[in-house]
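Biologist: Please take me slowly through one part of this model, the place where the two chains meet, and then tell me what lies in the protein interior.

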Amino acid sequence: MTQTNFRAGPDANGLFGEFGGRYVAETLMPLVLDLAREYEAAKADPAFLEQLAYFQRDYIGRPNPLYFAERLTEHCGGAKIFFKREELNHTGAHKVNNCIGQVLLAKRMGKKRLIAETGAGMHGVATATVAARFGLPCVIYMGATDIERQQANVFRMKLLGAEIVPVTAGTGTLKDAMNEALRDWVTNVDDTFYLIGTVAGPHPYPAMVRDFQSIIGKETREQLQAKEGRLPDSLIACVGGGSNAMGLFHDFLDDASVQIIGVEAGGHGVDTDKHAASLNGGVPGVLHGNRTYLLQDADGQITDAHSISAGLDYPGIGPEHAYLHEVKRVEYVSITDDEALAAFHTTCRLEGIIPALETSHALAEAIKRAPTLPKDHLMVVCLSGRGDKDMQTVMSHMAAQEKQA
Amino acid sequence: MSRLEQRFAELKAEGRSALVTFITAGDPGYDASLQILKGLPAAGADVIELGMPFTDPMADGVAIQLATLRALEAGQTLAKTLQMVREFRVDNQTTPIVLMGYYNPIHRFGVEAFVAQAKAVGVDGLIIVDLPPEHDAELATPAQAAGIDFIRLTTPTTDDVRLPRVLERSSGFVYYVSVAGVTGAGSATTEHVSSAIERLRRHTDLPISVGFGIRTPEQAAAIAKLSEGVVVGSALVDKIANAKTAEQAVGDVLELCSALAQGVRGARKA
């Protein structure tokens, strides 16, 4: 690997290589340009950064631990596995890292109303949480299918005072929720802040969300240095839109010795038509404001993604991941629904941690790789979220399996 | 002179505004849609916007979202949309056709092949909702090099600082989106449209067509007094949604088109 400036992007037009950009309707262009200017100013303002640090520490509970997963390590019999415990954050996932950053920006810009899309509901919960904390009304767009399978999170959002709008268009999942949020934004241009939950959308969102999430990797570097006195050998994170992965990966992109692996949702398998693996099973295109890899048919129509985990059920991926895939800095693999479920159970039983089904994809890849690696190999898995929200899904899956047996 | 220039020049000489009609290609099916397309000029449409269906029409309201779904379910593709234009041009050489939609299907088709085929079948202009001037190099530049107009959307949020950039490479006409919102949503007041057009005229000599929220002959007539073109889409598309048969869809769309045309033609410009 000769290139060492993988962290340089995006350029002034929001491009990572050929990916990213600002493919939005003219009505929204002045808004995204304004947002980019405001974000640039905020991140150079010590007062903003101080406020951000305060909420990261006292509200989210950062830094969260880098935990040595001793029993999983023993079970695999190879690499030394560490969990970056994002599930211990307030609201139970990495999503709040980004929401705190964006709500502070929204307040700074004088916006009066928050909107967001959500898949599994973790981003919706995190948005509803910061909306409550900062006294802003909040509307969450959520696919009708996702509302059905994530009822606990829907109730949490309601408790926090958010209005939830079910989206029935398309497959009633994350992409349709994002379409509807964009329609809201284009209609309410004066007072509304669109709080995108992942490293996708028009520039500056992919870079901004990554920046707010990059604390994951920065803490990991320091914590592993303190524990082991060196860099990790490998990093593993699950990728839907890819915000927890970008958060963990970004700080290490220019450390050539660190192997980086992103795990896509393979659903029933990437050789079937039921998966959500945009890089492994898609081609480049333009959707939701950015050029990236997309699941689409020969006519350029977006096809339905499938994953057991609602949070990965999206036919696209953040543009920086598309870039890192093309330049081969990050290796992207896929894990099926069944493999993720097996890893979910293993982690529950061995570590006493109930991981989110999204996170279980990263764990499955770790469990696959660790046995083949030497005992001094240091592997960090992003424990991006807790699995409480997935009880219903896991229960019905187990019931179905028992029936079959 | 391009077909769009020709048409707007003729109408200027007549002292009236153009009725610009939008339908989604392939809605409710290929044959009925082609019948509507072929019938529109006789029903008074001066310029036709033909929507290229896309699964994720982020800037469209419910009416056009549903039209898109009907077309896709009936098997419409970008290749079939181009074929429709080819069939239309067999007996119409004068009514300009502007293809309108989102970038991804064109990106997938291949820009070079798309531009060549669009030109060959007789497409006059393009409106691509999610390609702002920042991405001109992708499609606007090659399309214009091939002699296809690239029509820009200007909106209430396009301020005076940004407007020159948006208009710089515009050709054919300028589309003014009169409300911040999705297609088919609320309508703007004539006062708003009037001052917006005044502002646009300070920046461009191109004809200006106004759209979003115009549904009735009366509304069309009011806007026709102010601008060179009046765009009606969702109201026409709703006729297809409400029709019980394909024949009824064809009849109802053309009937509304005639009524709108009367409104526009009755409103001579001051």
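Modeller: In this predicted model, chain B and chain A bury about 2,800 Å² between them, with 53% of that area on carbon and sulfur atoms. It helps to know that the size of an interface is often given as the accessible area lost when the parts come together. Counted by residues, 36 residues of chain B are in contact with 36 residues of chain A. Turning to the polar side of this interface, there are 21 residue pairs in polar contact across it, both members being at pLDDT 80 or more, and the count of salt bridges between chain B and chain A is 3. One of the salt bridges joins E138(B) to R291(A), whose closest N and O atoms are 2.6 Å apart. On the side of chain B that touches chain A, the elements giving two or more residues are α3 (62-73), α5 (103-109) and β6 (153-154) of chain B, and the largest share, 5 residues, comes from α5(B).

As for the interior, the largest nonpolar core has 89 residues, and those with the most contacts inside it include W185(A) and Y194(A) of chain A as well as Y175(B) of chain B. This core draws at least three residues from each of two domains of chain A, namely domain 1 (16-56 + 95-209) and domain 2 (63-92 + 214-404). Apart from it lies another core, of 70 residues, among them I36(B), Y103(B), A220(B) and A249(B). To return to W185(A), and leaving aside residues up to four places away in sequence, this residue touches L28(A), L31(A), V32(A), I115(A), T192(A), Y194(A) and Y205(A).

How values were computed:
Residues are numbered from 1 along each chain as its sequence is written. Chains are lettered from A and ligands numbered from 1 in the order in which they are written. This is a predicted model: local features need pLDDT of at least 70, side-chain atom pairs count only at pLDDT 80 or more; totals for chains, interfaces and linings use all residues. Side-chain values use heavy atoms; hydrogens and water are left out. A nonpolar core is a set of buried Ala, Val, Leu, Ile, Met, Phe, Trp, Tyr and Cys residues joined through side-chain atoms within 4.5 Å. Buried means under 20% relative accessible area, exposed over 50%, partly exposed in between (1.4 Å probe, protein chains only). Domain bounds come from an automatic or database domain assignment. Contact means heavy atoms within 4.5 Å. Buried area is the accessible area (1.4 Å probe) that two parts lose on being put together, summed over both. A salt bridge is a side-chain nitrogen of Lys or Arg within 4 Å of a carboxyl oxygen of Asp or Glu. A polar contact is a pair of N or O atoms within 3.5 Å; within protein, one must be able to donate a hydrogen and the other to accept it, and residues adjacent in sequence count only if both atoms are side-chain atoms. Helices (H or I, at least four residues) and strands (E, at least two) are DSSP runs, numbered from the N terminus.
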